[in-house]
Amino acid sequence: MFFDKPTIANGAYDTTIKFKIPPFKIDSLSSDDPQAIGFDGSFETGGIFPEFNEKLIVMPDYSLGFVHDAPKNGYQLYNGTGTYYNRISLDNKGIRGDGDITYLNAVLKSKDFAFFKDSVLTEGTSVVNKEGGCAQASSPDVLYPDMMVNDYRLKWLPKADSMFISNAKDPIKFYKGTGDMHGTAILTKNGMFGKGVLITRGSESESPKFHFEQTKFAARETLFKVKSDNPDKPALKCEQVKLNFDLDQSIAQFSPEQQGFASNEFPYAQYKTSLDEGTWDLKKKKIFMKMPEGGNINKSYFYSTRADQDSLVFNATDAVYDMEKLTLNVFGIPYIKVADGLVYPDSSKVIVEENAVMRTLKNARIVLDSVTKYHHLYDGIIDIEGRKKFAGEATYQYVNLGADTLSFKFQDFRLVESEKKKEGAHTVAMGAIREEDSLEVAPKILYKGKVTLFAEKKFLAFDGFLKLDLKGALSYSQWLKYNNDGSNGDVVINVDNAVAGNGTPLTTGMYFDTRSNEMYTTFISQKRNQLDHDIFSTKGVLEYIAQKGLFRVGVPDRLAGKTKQGSIFSYDDANSTSEFSGKFNILKENKNITLDAAGFGKSDLTNFKYEFNTILSFNFKVNSSVLAAVGKNMKTMASAFPLDTSETSEKIFVRDTVLVYKLAELIGNAGAEKFKSQKSLGYAPLPMIDSDFGKNVVFSDVNLKWSAEYKAFYSVGTIYVSNILKDDINKAMPGHIEIKKTPKGDVINIYLEASPHSWYYITYDDNRFAVTSSNDEVNSILAGKSKGELPDRSKFYYVKAENGEKTRFVTMFKERYLGVQEDLDEDIPESQEYEEEGAAEEELQEEAPADEMPGVGEEVEEETPAKKTSKPAKKGKEDTKNYDKYKLPDQNLDQGGEDPAGGSKPDPSMEDRKKQQQDQQKMKNLFGN
């Protein structure tokens, strides 16, 4: 008899399941008990059980079957794979068992095992697995854990060596009851495996790939949690990790399945990490993590999961999580990138407390920004509040223009969006410098006020006050407003509108004290009296030339050598000396006489000595015929004698070069360049360059000194006469010029010797203008223009001077300024060969290239026509409570787990069901009353 009908176990069996009945004879079928009728024979199960003899009878469900008791030693299952004990039955439900199965170290109990050729299914009562080795295991090294479960589901696939055991209600117990698993244990000859959620020793592991051993277990693709006092917040949570848990040693080791994946999370600290090697020491109550030796630190990192920290992230090599203190200690941090900067923690360590609060960093270093690394700060006390925000203070290493490294603190670090969206945001920090901090932004330049650091800019921005830290003669410098937006590192101070704290203008130059007629110098400081007369002044910017120790004030283009016009004042504080160039206002305002003067000068401020090399262009408001007479005669007399041949071509070249700069102050840069161009072609009279010179008495090269004793400017050495009105003289000649400052006004005396026996004297004092000469013809012309002396000097007038006036002036000049004593004798003709100063003269002409004159205070190599200087060129939410996904489904014991031999069979059709009902009814009728 075969049991391959669809109505038996839903067609799970094939013809290898059969009951063999030898030939028989039926005497009678009349009986009230169906079981009174039976057929003796043997049952073959296709390898499920060994063949056994039994009597086939009518079962309660009116099918032909039996109930059979296994022998005391049980039956071998599936050719010795396991052993079955107790009762076996056969009916429309198929081959069923009420008893025990032993397999490897396990004993399974069930009231209803369903046996199929390829599997065994049940909803059983208990499973107990003994720990240790097993003779039937594939290797002596295979050690099984102790395990037990009540109310379980079974799916055993003997051919596949896989026995699946799921808990139906209470969890599966492992390790002497210390581990509870919701899911499926898989018993094989190679060991015990499983999938599900295992709770043990204060941890929870969810994995589709468990491997259980006698005293430890491993898992892959694991969600591993170390529990805390808060059931909703574990101390550690690891996703997609490899887990090895040694229960005897109380050590759990874990590492990410994929290197570089942030698999480990500390929910209290609100941080995740990708560190490869993690160890939970249950006894120490600490979690240790480290990067493996030779690992790539770029793949070992921590990042904050706190939303308002914008995924703050940093690399690290080691970490320790203290489960009692709930603190995460992270080590081996190269730096932490915050905003556009790099923060370097002291000892490369940080401590993260609950809720991602990073403990305040001390002794931290900061580099801004992370690309340019322009700015370096140290001794930082820093709070890192997120990926884009940190706060605190740090000391800045500031290198001033003198290459000195100075220190001050920055606070108030902020991330500010750039004006250009493409540039993103940049860190800005603010600092404040106090006067007592004595901060030098450049040598000898002190600063107080606000300092701003822009991470993307190389230089700091200053908004405050500067003061020159002067020790020499000009040590009375005052604080002045200063602003530098950080676009360059030079300390460029605009002094055009410099004012002191009280609003009083600050000036740079030389002045006459209106009360004492003393000359004095200011350097970004207040004048003694705002009404004092300006001799020389300059504006523009202040710069410091560190290699020379010089301060310079002047027009930027003049300082940079881009133009020849503009005043410059240079001060050497170490020697209390100054040098200057530009326009000089030697005379006070006078409607009768004007003087245009320009040139170069220097001063010894300790000894109140001033020297000048100038061009002097006098305009006397007198009848032009007076000066024309002098000019014509002087031109004649001067031309009668050869030029001084003692001057070298180099000195002449330098004098002409310096003259270009002097002219630039009087007729502009274009006019000076015109003279330079004309001069290169030959001689260039100044009246040809500018017509105003033809109206004046012009001395193109005069060296002047200041006499503090006599309150006067006086000339030294020869005087280079350019022209007198339109008469071109163009000759250096002996002579004296004095401009004396008196309470009544300026007194002017000019004495010139055109030739050994020709002299000219011009004087002006208190509205009286007088001229005389050694030439009688000239004197006659001069006398003809004079109206004689006037008793009243309230108005300007002209007279011919007496010879005695000239004699007294020359004698006085020599005595006062040259130290030469002479008897005053008007009857003796004036010698034209009087002693010159010689070595006592100090020429101030600066030697310079023809193309470019240096600024005051600059050193320049002498250049001649023969030698010219060349120009340089996340994952979805996991639900650990959904254990059913790891368990076997509710068992359908009427159908095997795999298709029966010979191919799949469809479920019984309606026709098959109907035929079954008809057969049952026939059996009832056969044995009915």
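These are my notebook entries on a helix, a cavity and some ring contacts in this structure.

**Entry 1: starting point**
I am working from a predicted model.

**Entry 2: helix H2**
I looked up H2 to begin with, which covers residues 624-639 and has 16 residues. From its first C-alpha to its last I get 22 Å, close to the 22 Å expected at 1.5 Å a residue. Which residues of H2 are buried? I noted the run Val626, Leu627, Ala628, Ala629, Val630 and Gly631, then Asn633, Met634 and Ala638.

**Entry 3: second largest cavity**
Next I went to the second largest cavity and found a volume of about 40 Å³. Which elements give two or more residues to its lining? I wrote down strand S47 (577-584), strand S48 (593-604) and helix H3 (649-681). The lining residues include Ser581, Gly582, Ala598, Gly599 and Phe600. Tyr661, Lys662 and Glu665 are also among them, and so are Arg558, Lys564 and Gly566. Sorted by kind, the lining has 3 nonpolar, 4 polar and 4 charged residues.

**Entry 4: aromatic pairs**
How many aromatic pairs does the structure hold? My lookup gave 70, and I picked out a couple to describe.

Tyr84 and Phe115 are edge-to-face, with 5.3 Å centre to centre and 80° between the planes. I traced Tyr84 to strand S6 (residues 82-91) and Phe115 to strand S8 (residues 106-115). The two are 31 residues apart, and their pair links distant parts of the chain. Are these rings buried or exposed? Both Tyr84 and Phe115 are buried.

Then I turned to Phe512 and Trp706. Why is this pair called tilted? The ring centres are 5.2 Å apart and the planes sit at 55°, so the pair counts as tilted, since that label covers planes that are neither under 30 degrees apart nor over 60. Phe512 is in strand S41 (residues 507-512) and Trp706 is in strand S50 (residues 697-707), so this pair ties together parts 194 residues apart in sequence. I checked burial here too: both Phe512 and Trp706 are buried.

**Entry 5: a cluster of rings**
I followed Phe512 and Trp706 further and found them in one aromatic cluster. Phe523, Phe536, Tyr544, Phe551, Phe569 and Tyr571 belong to that cluster, as do Phe580, Phe584, Phe612 and Phe713.

**Entry 6: lysines over rings**
Last, I looked for charges over ring faces. Lys233 lies over the face of Tyr268, at 4.9 Å from the ring centre. I also noted Lys448 over the face of Phe465, at 5.9 Å from the ring centre.

Terms used: Residues numbered from 1 in each chain as written. Predicted model: local features only at pLDDT ≥ 70, side-chain atom pairs only at ≥ 80, totals over all residues. Heavy atoms only, no water. Helix = DSSP H or I, 4+ residues; strand = E, 2+ residues; numbered from the N terminus. Expected span 1.5 Å × (residues − 1). Buried < 20%, exposed > 50% of the residue type's maximum accessible area, 1.4 Å probe, protein only. 1 Å grid on protein atoms, 1.4 Å probe; cavity = no way out; pocket = protein on both sides within 12 Å on 5 of 7 lines; lining within 4 Å. Points joined across faces, edges and corners; volume = space filled by probe spheres on them. Nonpolar A, V, L, I, M, F, W, Y, C, P; charged D, E, K, R; others polar. Phe/Tyr/Trp six-rings, centres within 6.5 Å; stacked < 30°, edge-to-face > 60°. Lys NZ or Arg CZ within 6 Å of the ring centre and 35° of its normal.
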